[in-house]
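Student: I have a structure open and would like to talk through its ligands and ring contacts. Could we go through them together?

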Amino acid sequence: MLFGRKKKNPIKIADKGVREWRYATCGYCSTGCSIEVGLNADNEPVASRGVADADVNRGKLCIKGMFEHELFRKTAGRGNKPLIRDNRWDEFRETSWNEALEKTTDEIKRIQQDYGRDAFSIVSTGQIMTEEFYTLGKLARGVVGTNNYDGNTTLCMSSAVSGYKRSFGSDGPPGCYDDFEHTDCLLAFGSNLPEQHPIIYWRLQEVREKRKFPVIVVDPRVTMFAQNADIHLPISPGTDLVLLNALAHVILEEGLQDSAYIEAHTDGYEGFAKLVEQYDPVSAARICGIDEDTIRNVARVYGNAGAAMSIWTMGINQSTHGSDGVVAINNLNLITGNIGKPGGTSLSITGQCNAMGTREWSSCSGLPGYRALENDQDRKDIAEFWGIEEEFFPQKRGMFMTDILPAIEAGQIKGLWLVATNPMTSMANTQRIRKTLEKLEFLVVQDAYGDVETNEYSHVFLPAAVWAEKEGCFTNTERRVNLIRNVCEPHGDSKTDLWIFNEVASHFERGRKINFPETAEGVFEELRDLSRGRMLDYSGMTYDRIEANRGIQWPCNEDNAPEGSQRLYSDGKFQHTNGKAQLIALPFFDNNECPDEEYPFWLNSGRVVEHFHTRTRTGKVGNGNKFSPTPYMEMNPDAAADLGIEHSSYARLTSRRGDAVVMVQCTQRVPRDMVFIPFHYHECVNRLSLGLLDPHSRQPAYKQCAVSIEAIADQNAAAVRNLAARAF
Ligand SMILES: Nc1nc2c(c(=O)[nH]1)N[C@H]1C(S)=C(S)[C@@H](COP(=O)(O)OP(=O)(O)OC[C@H]3O[C@@H](n4cnc5c(=O)[nH]c(N)nc54)[C@H](O)[C@@H]3O)O[C@H]1N2
Ligand SMILES: Nc1nc2c(c(=O)[nH]1)N[C@H]1C(S)=C(S)[C@@H](COP(=O)(O)OP(=O)(O)OC[C@H]3O[C@@H](n4cnc5c(=O)[nH]c(N)nc54)[C@H](O)[C@@H]3O)O[C@H]1N2
Ligand code: SF4
Ligand SMILES: [Mo]
């Protein structure tokens, strides 16, 4: 063997001529990998590498991170100059920043004057820097003064936020990746970790190679995670709450709960116990599709484990009972005493690179630093800090993103500013979104890419710098604040989002009276001040400390700097006023659009490893795009055979909203009555989706609706249509 190896060509690593490596944090998923971008002698970014001594990724990167420097070189579709036009149907013309900003601020003022302050709306993202989020919040809440200000995190994390608040009294994932090292059982709900958070998965696999403990995956698809699990529970779509109530039922019935913990640290046990009594495994099995024995087995494994942890992602959050699903996971961990201890936690796996940053600091759902508009003291403190009158703040949060769009349809909202989000591809029922955007008197799109579909409906386009063309922080899934150093100049005449927000502020009389620091580091000082002594504490962090430590987990004050804190609630004290966590009774109502004779298939949607969201970035990076350039769906081969559909042929899907054409990939990964489509492609799955909203979090149930499927006779015509979709 050894001889054979010697004869092979040795692996050659191309010399890219890197002269300097700059520190950053990956700008795709919320894993938060530390990355270095290599600059050559001409200061061009030519390579990316994982940072070896970073605890999160220990030198590793996934396929997206490995090619992240290409973002700076593959500039197709990037925004270069600000664009302007009077009507949607006119051609854009290039303009100066001053004219674009003047037009934008004039329109904000006009709309607010004519229709009221809340008639102008702002929707942002989970993908800009924390300092930019905070600045946008100051602008939206303190200067523009609209209460209809939200982010795309409503499409993504709002069920987790809502569930954490209901259970623990505050948002904030209590656990960390290190919990894998200590756990005796891992239960994962609706999360495809190997594809969506590959480096978190790698951390888990590292531990599993050293030590055996049960990994249980709940997902209607046989994902790679499910394949590598010890137990896979192929749950009926949208019924996780039933399974969770049944697990709690068995745990209480068999006395596996931690009564001392329940007594000392929770409220609401009686009501909760009474409700789960109704969820015996036999009845539950009929709804959630997991048999009685398996439910009992999993409950026993979880209840008997010394430390047990649950993780979840969109299979839970994107559901009509998303918030309840999160609370049910928290219930399970509270009754077994598995919160805030090594290996025992309730850890929401976050989505976008800085979905946490917006939750913490953007003021979307309230005021900065996990403060609430509904709290008198919080309004007073922030008004004082910003130097504005307290009465300027509303006393209740306004609409969520998913209510803002219908309010435009209804004529209540007339103007919209979109920052780093692309609803024409990512929201449910895109034909309806199109009509809605067309109704706007004024739409401004601020994006790194000018070719985002949503920009077709705008009056002004503001080209933004992307990722490490800027400087600032992201917070990852385990509350780790990490730094992005500025690697290169913004593309063309694009500007950092921070610069744009500051300029917009200066066009308002109120904005000129408030201090808007010019640099990200200047803004960071405000975050430190505003968080001192709170659970969300940044006061012990500085940019240099963050870089040296490869990220710091909050809370971090001067006493525990630079390490910060791995876990929350280790002392059993929660953020509700009485210091206890809530156990909440959660009845299940089946309110999904279920398959029937006319629309016999469940439509499930999600992601693949090589693409990120609406592909504005990964659609341009060669190595990412070549793996899956075309819209496709996973379909069970037996179901395909029934309909006369062949592998690699095209099929048409129809729902009550619209239709879409995709290529068929026959695979046993999906059950016979379900298809799965990655949502990355324009004019595809979201033409079909329904997106019913969760009552607490207003998050859409993207993962469930009903479709019919037919073979397409003219495969060539389908291929042409498909090429058009691919060319975006
Ligand atoms: N490569 C890549 N990575 C990403 C992203 C990306 O676009 N590309 N996006 C990032 C973002 S913003 C997010 S939010 C995360 C999402 O990360 P994930 O949530 O892990 O990814 P999804 O593919 O959306 O959905 C996960 C699984 O939920 C399952 N599911 C569907 N219905 C149900 C159900 O009723 N119950 C249960 N238990 N499971 C169900 C689906 O079958 C799917 O396998 O990924 C992040 N990471
Ligand atoms: N059917 C279905 N639909 C879904 C989902 C699903 O699972 N199924 N998942 C949902 C989820 S979890 C999410 S998070 C959403 C995501 O939905 P979107 O937020 O609409 O998707 P992105 O493509 O990430 O859009 C982000 C935009 O920000 C731009 N951008 C990137 N960096 C910067 C920057 O630094 N500054 C500025 N100004 N712009 C920047 C990008 O070019 C891109 O246009 O999609 C949701 N939609
Ligand atoms: S796992 Fe996520 S954070 Fe890490 S390199 Fe991949 S996309 Fe980036
Ligand atoms: Mo997301």
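Student: Which N or O atom in a side chain is 3.1 Å from a nitrogen atom of ligand 1?

Tutor: In this predicted model, the side chain of lysine 64 places an N or O atom 3.1 Å from a nitrogen atom of ligand 1. A backbone N or O atom of glutamine 196 lies 2.8 Å from a nitrogen atom of ligand 1, and a polar side-chain atom of asparagine 604 is 2.9 Å from an oxygen atom of that ligand.

Student: How much of ligand 1 does the protein bury?

Tutor: Ligand 1 taken alone exposes 910 Å², and the protein buries 100% of that. There are 34 residues surrounding ligand 1, of which the closest are Asp219, Gly238, Asp240, Arg607 and His611.

Student: OK, ligand 2 then. What are its polar contacts?

Tutor: Among them, an N or O atom in the side chain of aspartate 447 is 2.7 Å from an oxygen atom of ligand 2, and a polar side-chain atom of lysine 470 lies 2.8 Å from an oxygen atom of ligand 2. A nitrogen atom of ligand 2 is 3.1 Å from an N or O atom in the side chain of glutamine 318. Taken alone, ligand 2 exposes 910 Å², of which the protein buries 99%. Aspartate 447 also appears among the closest of the 35 residues that surround ligand 2, together with Gln127, Asn152, Ser426 and Thr614.

Student: And which residues surround ligand 3?

Tutor: Its surroundings include Cys26, Cys29, Cys33 and Cys62, as well as Lys64, whose side chain we met at ligand 1. By class, the shell around ligand 3 has eight nonpolar, three polar and one charged residues, and α2 (63-66) and α9 (198-210) each supply at least two residues of that shell.

Student: Switching topic: how many aromatic pairs are there?

Tutor: The count comes to 17 aromatic pairs. Tyrosine 370 and tryptophan 554 form an edge-to-face pair, because their ring centres are 5.9 Å apart and their planes stand at 70°, where over 60 degrees counts as edge-to-face.

Student: Where do those two sit in the fold?

Tutor: Tyrosine 370 is in the loop between α18 (355-361) and α19 (376-386), while tryptophan 554 is in the loop between β19 (552-553) and β20 (581-582), so the pair ties together parts that are 184 residues apart in sequence.

Student: Is tryptophan 554 buried or exposed?

Tutor: Tryptophan 554 is buried, because its relative accessible area is 0% and the cut-off for buried is under 20%.

Student: Which charged end sits over the ring of phenylalanine 92?

Tutor: That of arginine 85, at 3.8 Å from the ring centre; arginine 221 likewise lies over the face of phenylalanine 676, at 3.5 Å from the ring centre.

How values were computed. Residues are numbered from 1 along each chain as its sequence is written. Chains are lettered from A and ligands numbered from 1 in the order in which they are written. This is a predicted model: local features need pLDDT of at least 70, side-chain atom pairs count only at pLDDT 80 or more; totals for chains, interfaces and linings use all residues. Side-chain values use heavy atoms; hydrogens and water are left out. A residue is near a molecule or strand if one of its heavy atoms lies within 4 Å of it. Helices (H or I, at least four residues) and strands (E, at least two) are DSSP runs, numbered from the N terminus. Ala, Val, Leu, Ile, Met, Phe, Trp, Tyr, Cys and Pro count as nonpolar, Asp, Glu, Lys and Arg as charged, and the others, Gly among them, as polar. Rings of Phe, Tyr and Trp (its six-membered ring) pair if their centres lie within 6.5 Å; planes under 30 degrees apart count as stacked, over 60 as edge-to-face and the rest as tilted. Buried means under 20% relative accessible area, exposed over 50%, partly exposed in between (1.4 Å probe, protein chains only). A charge sits over a ring if NZ of Lys or CZ of Arg is within 6 Å of the ring centre and within 35 degrees of the ring normal. A polar contact is a pair of N or O atoms within 3.5 Å; within protein, one must be able to donate a hydrogen and the other to accept it, and residues adjacent in sequence count only if both atoms are side-chain atoms. Accessible areas come from the Shrake-Rupley method with a 1.4 Å probe; for residues, only the protein chains shown count as cover.
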